[in-house]
Amino acid sequence: MNEKLRPQPRPGVMKIAAYVPGKHGDSSKGKVHKLSSNETPLGASPEAIDAAAQVLAHAELYPDGSANELRRAIAEVHGLNAENILCSNGSDELLGLLAQTYLTAGDEGIFTEHGFLVYRIQILAAGGVPIVVKETNERADVDAILAAVTERTKLVFLANPNNPTGTYLPFEEVRRLHAGLPSHVVLVIDAAYAEYVRRNDYESGIELVSSAQNVVMTRTFSKIHGLAGLRIGWMYAPAGIIDAVNRVRGPFNVNAVAIAAGAAAIRDRNHVEEAVAFNEAWLPWVADELTRIGLRVTPSVGNFVLIHFTESRSAEAADAFLTERGLILRRVTGYGFPNALRMTIGSEEANRGVVEALTDFMKA
(Lines give C-alpha, C1' and ligand atoms only; values in the text may rest on other atoms or scores of the structure.)
Protein backbone atom coordinates (compact mmCIF):
# COMPACT_ATOMS: atom_id res chain seq x y z
CA MET A 1 0.00 0.00 0.00
CA ASN A 2 1.22 3.49 -0.84
CA GLU A 3 2.49 5.09 2.40
CA LYS A 4 1.04 8.44 1.30
CA LEU A 5 -2.46 6.95 1.51
CA ARG A 6 -2.09 6.15 5.22
CA PRO A 7 -2.56 8.64 8.06
CA GLN A 8 0.81 10.23 8.78
CA PRO A 9 1.90 11.56 12.19
CA ARG A 10 3.25 15.05 12.14
CA PRO A 11 6.97 15.48 11.49
CA GLY A 12 9.14 14.44 14.42
CA VAL A 13 6.75 12.04 16.14
CA MET A 14 8.31 8.89 14.71
CA LYS A 15 11.75 10.09 15.83
CA ILE A 16 10.68 9.81 19.47
CA ALA A 17 12.04 6.73 21.20
CA ALA A 18 9.18 5.28 23.25
CA TYR A 19 9.78 5.09 27.01
CA VAL A 20 10.64 1.59 28.22
CA PRO A 21 9.63 0.95 31.86
CA GLY A 22 11.44 -1.33 34.28
CA LYS A 23 10.91 -4.98 33.38
CA HIS A 24 8.94 -7.57 35.31
CA GLY A 25 10.29 -11.01 36.06
CA ASP A 26 8.79 -14.38 35.17
CA SER A 27 7.02 -15.47 38.36
CA SER A 28 6.28 -18.88 36.84
CA LYS A 29 9.89 -19.82 37.62
CA GLY A 30 9.60 -19.01 41.31
CA LYS A 31 9.70 -15.98 43.59
CA VAL A 32 10.60 -12.70 41.92
CA HIS A 33 11.91 -9.51 43.52
CA LYS A 34 11.16 -6.59 41.18
CA LEU A 35 13.74 -3.90 41.88
CA SER A 36 13.53 -2.13 38.54
CA SER A 37 10.98 0.65 39.09
CA ASN A 38 11.86 2.27 42.45
CA GLU A 39 8.64 1.06 44.08
CA THR A 40 8.50 1.11 47.87
CA PRO A 41 8.77 -2.29 49.59
CA LEU A 42 6.41 -1.06 52.32
CA GLY A 43 3.43 -0.73 50.00
CA ALA A 44 0.68 1.85 50.34
CA SER A 45 -0.74 3.22 53.57
CA PRO A 46 -3.60 1.06 54.90
CA GLU A 47 -5.57 4.29 55.23
CA ALA A 48 -5.10 4.98 51.52
CA ILE A 49 -6.24 1.48 50.62
CA ASP A 50 -9.38 1.87 52.76
CA ALA A 51 -10.16 5.26 51.21
CA ALA A 52 -9.74 3.84 47.71
CA ALA A 53 -12.08 0.92 48.45
CA GLN A 54 -14.82 3.23 49.68
CA VAL A 55 -14.73 5.36 46.56
CA LEU A 56 -14.50 2.36 44.22
CA ALA A 57 -17.93 1.31 45.45
CA HIS A 58 -19.29 4.33 43.54
CA ALA A 59 -17.28 3.97 40.35
CA GLU A 60 -20.24 5.17 38.28
CA LEU A 61 -19.67 8.75 39.47
CA TYR A 62 -17.34 11.22 37.80
CA PRO A 63 -14.48 12.50 39.95
CA ASP A 64 -14.14 16.10 41.08
CA GLY A 65 -12.49 17.72 38.08
CA SER A 66 -10.43 20.01 40.31
CA ALA A 67 -9.30 17.27 42.74
CA ASN A 68 -10.15 19.62 45.60
CA GLU A 69 -9.91 17.00 48.36
CA LEU A 70 -6.43 15.98 47.22
CA ARG A 71 -5.24 19.55 46.76
CA ARG A 72 -6.46 20.46 50.25
CA ALA A 73 -4.63 17.49 51.77
CA ILE A 74 -1.38 18.40 50.00
CA ALA A 75 -1.74 22.04 51.05
CA GLU A 76 -2.45 21.04 54.65
CA VAL A 77 0.61 18.77 54.95
CA HIS A 78 3.06 21.10 53.21
CA GLY A 79 1.67 24.43 54.41
CA LEU A 80 0.79 25.67 50.92
CA ASN A 81 -2.01 27.57 49.22
CA ALA A 82 -4.25 25.00 47.51
CA GLU A 83 -4.83 27.46 44.66
CA ASN A 84 -1.18 27.02 43.65
CA ILE A 85 -1.48 23.23 43.40
CA LEU A 86 -2.51 21.27 40.32
CA CYS A 87 -2.96 17.48 40.41
CA SER A 88 -2.39 15.05 37.57
CA ASN A 89 -2.36 11.51 36.25
CA GLY A 90 1.17 10.92 37.53
CA SER A 91 3.84 13.61 37.47
CA ASP A 92 4.73 12.48 33.93
CA GLU A 93 1.50 14.10 32.75
CA LEU A 94 2.61 17.41 34.26
CA LEU A 95 5.89 17.30 32.33
CA GLY A 96 3.91 16.87 29.14
CA LEU A 97 1.42 19.59 30.01
CA LEU A 98 4.21 22.05 30.74
CA ALA A 99 5.90 21.27 27.43
CA GLN A 100 2.59 21.56 25.59
CA THR A 101 1.83 24.87 27.29
CA TYR A 102 5.18 26.61 26.92
CA LEU A 103 6.90 25.17 23.83
CA THR A 104 6.18 25.99 20.22
CA ALA A 105 7.93 24.50 17.18
CA GLY A 106 11.67 25.10 17.43
CA ASP A 107 11.68 26.19 21.07
CA GLU A 108 14.31 24.55 23.25
CA GLY A 109 13.99 22.53 26.44
CA ILE A 110 17.12 21.79 28.44
CA PHE A 111 17.88 18.74 30.60
CA THR A 112 21.05 16.98 31.71
CA GLU A 113 22.63 13.96 30.04
CA HIS A 114 21.51 11.44 32.66
CA GLY A 115 18.14 13.06 33.32
CA PHE A 116 14.71 11.42 33.19
CA LEU A 117 14.01 10.09 29.66
CA VAL A 118 10.48 11.53 29.70
CA TYR A 119 11.90 15.08 29.39
CA ARG A 120 13.17 14.37 25.89
CA ILE A 121 9.94 12.63 24.91
CA GLN A 122 7.72 15.51 26.03
CA ILE A 123 9.90 18.19 24.46
CA LEU A 124 9.85 16.38 21.12
CA ALA A 125 6.11 15.65 21.41
CA ALA A 126 5.46 19.38 21.75
CA GLY A 127 7.55 20.14 18.64
CA GLY A 128 10.46 21.46 20.67
CA VAL A 129 14.18 20.84 20.46
CA PRO A 130 15.81 18.85 23.29
CA ILE A 131 19.12 20.30 24.47
CA VAL A 132 21.22 17.84 26.45
CA VAL A 133 23.84 19.23 28.84
CA LYS A 134 26.83 17.32 30.18
CA GLU A 135 26.97 16.49 33.88
CA THR A 136 30.02 16.60 36.15
CA ASN A 137 30.69 13.51 38.25
CA GLU A 138 27.17 12.24 37.48
CA ARG A 139 25.60 15.41 38.88
CA ALA A 140 23.89 18.34 37.18
CA ASP A 141 26.31 21.17 36.37
CA VAL A 142 24.75 24.62 36.84
CA ASP A 143 27.35 26.44 34.75
CA ALA A 144 26.91 23.99 31.87
CA ILE A 145 23.13 24.42 31.98
CA LEU A 146 23.37 28.20 31.95
CA ALA A 147 25.87 28.10 29.08
CA ALA A 148 23.32 26.13 27.03
CA VAL A 149 20.57 28.75 27.37
CA THR A 150 19.72 30.60 24.15
CA GLU A 151 16.97 32.96 23.03
CA ARG A 152 14.92 29.87 22.07
CA THR A 153 15.11 28.29 25.54
CA LYS A 154 11.70 28.09 27.21
CA LEU A 155 12.01 25.22 29.72
CA VAL A 156 14.77 23.80 31.92
CA PHE A 157 14.06 20.41 33.52
CA LEU A 158 16.05 19.59 36.65
CA ALA A 159 15.50 16.28 38.45
CA ASN A 160 16.57 16.86 42.04
CA PRO A 161 17.39 14.21 43.20
CA ASN A 162 18.13 12.75 39.80
CA ASN A 163 17.06 9.36 38.50
CA PRO A 164 18.96 7.07 37.80
CA THR A 165 22.06 8.50 39.52
CA GLY A 166 20.54 9.42 42.89
CA THR A 167 22.69 12.56 43.04
CA TYR A 168 21.32 15.98 43.96
CA LEU A 169 22.12 19.68 43.79
CA PRO A 170 22.36 21.61 47.06
CA PHE A 171 19.72 24.26 47.06
CA GLU A 172 22.17 27.15 46.87
CA GLU A 173 23.16 25.72 43.48
CA VAL A 174 19.51 25.49 42.43
CA ARG A 175 19.05 29.13 43.44
CA ARG A 176 22.14 30.08 41.44
CA LEU A 177 20.71 28.28 38.43
CA HIS A 178 17.42 30.13 38.75
CA ALA A 179 19.16 33.49 39.19
CA GLY A 180 21.03 32.94 35.93
CA LEU A 181 17.95 32.13 33.84
CA PRO A 182 16.01 34.74 31.84
CA SER A 183 12.68 35.54 33.49
CA HIS A 184 10.66 33.99 30.64
CA VAL A 185 12.31 30.57 31.05
CA VAL A 186 10.41 28.12 33.27
CA LEU A 187 12.59 26.12 35.66
CA VAL A 188 10.89 22.78 36.35
CA ILE A 189 12.20 21.11 39.51
CA ASP A 190 11.24 17.45 39.38
CA ALA A 191 11.32 16.40 43.05
CA ALA A 192 9.88 12.89 42.71
CA TYR A 193 12.25 11.52 45.36
CA ALA A 194 12.29 14.53 47.69
CA GLU A 195 10.75 12.72 50.66
CA TYR A 196 13.71 10.36 50.87
CA VAL A 197 16.38 13.06 51.09
CA ARG A 198 17.88 13.75 54.50
CA ARG A 199 20.52 16.39 53.79
CA ASN A 200 20.74 19.80 55.45
CA ASP A 201 21.58 21.53 52.16
CA TYR A 202 18.61 20.13 50.24
CA GLU A 203 15.23 21.74 49.55
CA SER A 204 12.53 20.32 47.33
CA GLY A 205 11.76 23.61 45.59
CA ILE A 206 8.77 24.87 47.55
CA GLU A 207 10.63 27.91 48.86
CA LEU A 208 11.84 28.95 45.42
CA VAL A 209 8.43 28.54 43.82
CA SER A 210 6.94 30.74 46.54
CA SER A 211 9.33 33.59 45.72
CA ALA A 212 9.46 33.44 41.91
CA GLN A 213 7.14 33.61 38.90
CA ASN A 214 9.00 31.15 36.66
CA VAL A 215 9.64 28.10 38.87
CA VAL A 216 7.54 24.93 39.11
CA MET A 217 7.99 21.96 41.43
CA THR A 218 6.53 18.57 40.48
CA ARG A 219 6.00 15.67 42.91
CA THR A 220 4.58 12.17 42.81
CA PHE A 221 2.66 9.67 44.92
CA SER A 222 4.30 6.77 43.06
CA LYS A 223 7.41 6.46 45.20
CA ILE A 224 7.32 6.89 48.97
CA HIS A 225 3.50 6.82 49.13
CA GLY A 226 3.32 3.51 47.25
CA LEU A 227 0.53 4.53 44.87
CA ALA A 228 2.30 4.02 41.55
CA GLY A 229 -0.62 1.96 40.24
CA LEU A 230 -3.04 4.85 40.74
CA ARG A 231 -0.91 7.43 38.87
CA ILE A 232 -1.01 10.56 41.01
CA GLY A 233 1.21 13.59 40.59
CA TRP A 234 1.03 17.20 41.68
CA MET A 235 2.59 20.52 40.86
CA TYR A 236 3.21 23.60 43.00
CA ALA A 237 3.50 26.67 40.82
CA PRO A 238 2.78 30.41 40.54
CA ALA A 239 -0.82 31.35 39.80
CA GLY A 240 -0.08 32.31 36.19
CA ILE A 241 1.40 28.90 35.37
CA ILE A 242 -1.42 27.06 37.16
CA ASP A 243 -3.96 29.05 35.14
CA ALA A 244 -2.23 28.32 31.83
CA VAL A 245 -1.78 24.58 32.43
CA ASN A 246 -5.36 24.22 33.70
CA ARG A 247 -6.53 25.37 30.26
CA VAL A 248 -4.89 22.44 28.46
CA ARG A 249 -5.24 19.55 30.91
CA GLY A 250 -8.06 17.05 30.65
CA PRO A 251 -11.14 17.93 32.74
CA PHE A 252 -11.06 14.68 34.77
CA ASN A 253 -7.37 13.85 34.60
CA VAL A 254 -7.25 12.46 38.17
CA ASN A 255 -9.65 9.61 38.89
CA ALA A 256 -11.85 9.45 42.00
CA VAL A 257 -10.02 6.49 43.57
CA ALA A 258 -6.69 8.29 43.18
CA ILE A 259 -8.03 11.48 44.73
CA ALA A 260 -9.30 9.68 47.84
CA ALA A 261 -6.29 7.41 48.23
CA GLY A 262 -3.82 10.24 47.67
CA ALA A 263 -5.45 12.47 50.27
CA ALA A 264 -5.36 9.66 52.84
CA ALA A 265 -1.79 8.68 51.96
CA ILE A 266 -0.26 12.12 52.33
CA ARG A 267 -1.98 12.62 55.67
CA ASP A 268 -0.60 9.32 57.01
CA ARG A 269 2.69 10.76 58.20
CA ASN A 270 3.57 7.68 60.24
CA HIS A 271 3.61 5.55 57.10
CA VAL A 272 5.86 8.07 55.35
CA GLU A 273 8.30 8.17 58.26
CA GLU A 274 8.43 4.37 58.36
CA ALA A 275 9.37 4.36 54.69
CA VAL A 276 12.06 6.98 55.26
CA ALA A 277 13.51 5.08 58.20
CA PHE A 278 13.55 1.83 56.25
CA ASN A 279 15.38 3.48 53.38
CA GLU A 280 17.83 5.20 55.71
CA ALA A 281 18.77 1.82 57.15
CA TRP A 282 19.10 -0.16 53.91
CA LEU A 283 20.41 2.40 51.39
CA PRO A 284 23.87 2.70 53.04
CA TRP A 285 23.98 -1.03 53.79
CA VAL A 286 23.44 -1.95 50.15
CA ALA A 287 25.93 0.66 48.92
CA ASP A 288 28.60 -0.45 51.41
CA GLU A 289 28.15 -4.14 50.68
CA LEU A 290 28.33 -3.66 46.92
CA THR A 291 31.40 -1.46 47.27
CA ARG A 292 33.02 -4.12 49.43
CA ILE A 293 32.79 -6.70 46.65
CA GLY A 294 34.49 -4.40 44.14
CA LEU A 295 31.64 -2.50 42.47
CA ARG A 296 31.37 1.28 42.21
CA VAL A 297 28.13 2.74 43.49
CA THR A 298 27.13 6.35 42.77
CA PRO A 299 26.33 8.06 46.11
CA SER A 300 22.53 8.26 46.24
CA VAL A 301 19.95 10.13 48.31
CA GLY A 302 16.98 8.37 46.72
CA ASN A 303 15.51 4.91 47.25
CA PHE A 304 17.82 3.31 44.70
CA VAL A 305 21.49 2.90 43.82
CA LEU A 306 23.32 3.01 40.49
CA ILE A 307 25.77 0.10 40.34
CA HIS A 308 28.71 0.29 37.91
CA PHE A 309 30.22 -2.93 36.61
CA THR A 310 33.64 -3.75 35.22
CA GLU A 311 35.06 -4.65 31.83
CA SER A 312 35.35 -8.31 32.79
CA ARG A 313 32.06 -8.42 34.71
CA SER A 314 29.58 -6.46 32.59
CA ALA A 315 26.16 -5.07 33.48
CA GLU A 316 24.60 -7.16 30.72
CA ALA A 317 26.04 -10.35 32.19
CA ALA A 318 25.09 -9.29 35.72
CA ASP A 319 21.53 -8.57 34.61
CA ALA A 320 21.18 -12.05 33.11
CA PHE A 321 22.76 -13.64 36.21
CA LEU A 322 20.37 -11.79 38.56
CA THR A 323 17.29 -12.35 36.42
CA GLU A 324 17.88 -16.09 36.44
CA ARG A 325 17.67 -15.87 40.24
CA GLY A 326 14.46 -13.84 40.25
CA LEU A 327 16.19 -10.52 41.00
CA ILE A 328 15.03 -7.89 38.51
CA LEU A 329 17.13 -4.71 38.27
CA ARG A 330 17.00 -1.91 35.68
CA ARG A 331 19.23 -1.63 32.64
CA VAL A 332 20.10 2.05 32.15
CA THR A 333 21.77 2.06 28.75
CA GLY A 334 19.23 4.62 27.54
CA TYR A 335 20.38 6.96 30.30
CA GLY A 336 23.98 6.85 29.12
CA PHE A 337 25.14 4.06 31.44
CA PRO A 338 25.66 0.96 29.25
CA ASN A 339 27.67 -0.80 31.97
CA ALA A 340 25.50 -0.10 35.00
CA LEU A 341 22.31 -1.33 36.65
CA ARG A 342 19.92 0.61 38.86
CA MET A 343 18.68 -1.21 41.93
CA THR A 344 15.68 -0.18 43.99
CA ILE A 345 16.09 -0.55 47.74
CA GLY A 346 13.70 -3.43 48.33
CA SER A 347 12.74 -5.69 51.19
CA GLU A 348 15.43 -7.11 53.46
CA GLU A 349 15.16 -10.43 51.62
CA ALA A 350 15.57 -8.74 48.25
CA ASN A 351 18.48 -6.54 49.33
CA ARG A 352 20.38 -9.42 50.84
CA GLY A 353 19.57 -11.57 47.83
CA VAL A 354 21.10 -9.08 45.38
CA VAL A 355 24.25 -8.66 47.45
CA GLU A 356 24.68 -12.43 47.78
CA ALA A 357 24.07 -12.99 44.08
CA LEU A 358 26.45 -10.24 42.97
CA THR A 359 29.09 -11.54 45.37
CA ASP A 360 28.88 -14.87 43.56
CA PHE A 361 28.81 -13.12 40.18
CA MET A 362 31.99 -11.18 40.88
CA LYS A 363 33.78 -14.37 41.94
CA ALA A 364 32.65 -16.42 38.93
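Which strand does H33 lie in? H33 sits in strand 1, which covers residues 33–34. Keep in mind that this is a predicted model. Here's a quick run through its empty spaces, its main nonpolar core and a couple of residues worth a look. On the empty-space side, the largest pocket comes in at about 500 Å³, and a search of the whole structure also turns up 2 cavities of 30 Å³ or more.

**The largest pocket**
- The volume of the largest pocket is about 500 Å³, and 24 residues line it.
- Of those lining residues, Y19, S37, D92, F116 and K223 are the closest to the pocket's centre.
- Sorted by class, the pocket lining is a mix of 9 nonpolar, 8 polar and 7 charged residues.

**The cavities**
- Some background first: to show where empty space is left, you roll a probe the size of a water molecule over the atoms.
- The largest cavity has a volume of about 70 Å³.
- Its walls come from T112, E135, R139, A140, L158, A159, N160, N162, T167, Y168 and L169.
- That lining splits into 5 nonpolar, 4 polar and 2 charged residues.
- The second largest cavity has a volume of about 40 Å³.
- Lining the second largest cavity are T40, P41, L42, Y196, A275, F278, N279, N303 and I345.
- By class, you get 6 nonpolar and 3 polar residues there, with no charged ones.

**The nonpolar core**
- The largest nonpolar core holds 56 residues, and the members that touch the most others are L187, F221 and W234.
- Helix 9 (residues 256–267) gives the most to this core, chipping in 9 residues.
- Leaving out residues up to four places away in sequence, L187 touches V156, L158, L177, H178, L181, L208, N214, V215 and V216.
- L158 turns up twice in this tour: L187 touches it, and it also lines the largest cavity.

**Back to H33**
- Is H33 buried or exposed? H33 counts as buried because its relative accessibility is 13%, and the cut-off for buried is under 20%.
- H33's contacts, again skipping residues up to four places away in sequence, are G326, L327, I328, S347, E349 and A350.

Conventions. Residues are numbered from 1 along each chain as its sequence is written. This is a predicted model: local features need pLDDT of at least 70, side-chain atom pairs count only at pLDDT 80 or more; totals for chains, interfaces and linings use all residues. Side-chain values use heavy atoms; hydrogens and water are left out. On a 1 Å grid over the protein atoms alone, a cavity is a set of points where a 1.4 Å probe fits but cannot get out, and a pocket is an open set with protein on both sides within 12 Å along at least five of seven lines; lining residues have an atom within 4 Å of a point. Grid points are joined across faces, edges and corners, and a volume is the space filled by probe spheres set on the points. Ala, Val, Leu, Ile, Met, Phe, Trp, Tyr, Cys and Pro count as nonpolar, Asp, Glu, Lys and Arg as charged, and the others, Gly among them, as polar. A nonpolar core is a set of buried Ala, Val, Leu, Ile, Met, Phe, Trp, Tyr and Cys residues joined through side-chain atoms within 4.5 Å. Buried means under 20% relative accessible area, exposed over 50%, partly exposed in between (1.4 Å probe, protein chains only). Helices (H or I, at least four residues) and strands (E, at least two) are DSSP runs, numbered from the N terminus. Contact means heavy atoms within 4.5 Å.
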